[in-house]
Amino acid sequence: MRQTVIRISTSGAGLYEFTERVRRFVDESGVETGLLTVFVRHTSCSLMIQENADVDVQRDLSAFFHRLVPPSDDPSMGWVVHRHEGPDDMPAHIKSALTQTSIGIPVSDGQVMLGTWQGVYLFEHRADPHRREVVLHIG
């Protein structure tokens with residue numbers, strides 16, 4: 001078993017790919033067969049495995065989630081009570097609840113078993129830059 005924490009700096013809302021860091025961790029672990037767990041230690045961002053060949057996929061996903069859960073200062077969000085940290089805070093928590101904070105990825109022959117066009121992303125839901133911590137654990 002092996003575990004590490006990686007830090008990902010964001011510049012605002014959007015998807016941030018870190019697939020190569022995941023591959024490097026698995027390679028350096030020496031584990032041939034197992035399960036990689038990827039876990040983000042925050043409540044206003046999430047994780048996603050998504051296509052990494054066309055940047056329009058990331059743009060469309062970001063636009064979809066913005067339409068689904070707009071900022072709390074949008075008239076449709078008048079029901080939101082938690083507003084202490086700005087209009088993007090509670091919507092970020094909702095988006096995180098709709099996605100996932102942990103992903104399991106099989107490892108075989110020392111490689112993560114991602115498909116050809118799959119990448120591992122941190123999905124930042126806050127508008128301001130943040131420094132996020134992601135735990136990688138393989139066993």
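1. Let's start with the smaller topic of strand order 2-7-4: this is an open sheet of 3 strands with antiparallel pairing, where two strands count as paired if DSSP finds at least two bridges between them. Its edges are strand 2 (14–17) and strand 4, each pairing on one side only. On average, neighbouring strands here are turned by 35 degrees against each other, direction ignored. Strands (E, at least two residues) and helices (H or I, at least four) are DSSP runs numbered from the N terminus.

2. A word on the source: this is a predicted model, in which local features need pLDDT of at least 70 and side-chain atom pairs count only at pLDDT 80 or more, while totals for chains, interfaces and linings use all residues. Residues are numbered from 1 along each chain as its sequence is written, and side-chain values use heavy atoms, with hydrogens and water left out.

3. Within that sheet, strand 4 and strand 7 are antiparallel and share 7 bridges; leucine 47 has leucine 122 in strand 7 as its bridge partner. Helix 2 (residues 55–68) lies across strand 2, strand 4 and strand 7, at about 140 degrees to strand 4. Such angles run from 0 to 180 degrees between N-to-C directions, with axes fitted to C-alpha atoms, for helices over the stretch in contact.

4. Another open sheet has 5 strands in the order 1-8-3-5-6, again with antiparallel pairing. Strand 1 and strand 6 (111–112) are its edges. Strand 1 and strand 8 are joined by 9 bridges, and threonine 4 is partnered with leucine 136 in strand 8. Helix 1 lies across strands 1, 3, 5, 6 and 8, running at about 160 degrees to strand 1.

5. Now the interior. The largest nonpolar core (buried Ala, Val, Leu, Ile, Met, Phe, Trp, Tyr and Cys joined through side-chain atoms within 4.5 Å) has 23 residues, and Phe18, Leu36, Leu122 and Val134 touch the most other members. Buried means under 20% relative accessible area, exposed over 50%, partly exposed in between (1.4 Å probe, protein chains only). A second, separate core of 7 residues includes Met48, Val57, Leu61 and Phe123.

6. One residue you may like to look at is lysine 95, in helix 3 (residues 89–98). Lysine 95 is buried without a salt bridge, and aspartate 88, the nearest side chain of opposite charge, is 8.0 Å away. A salt bridge needs a Lys or Arg side-chain nitrogen within 4 Å of an Asp or Glu carboxyl oxygen; Lys and Arg count as positive, Asp and Glu as negative, and His and chain ends are not counted.

Definitions and conventions
Contact = heavy atoms within 4.5 Å.
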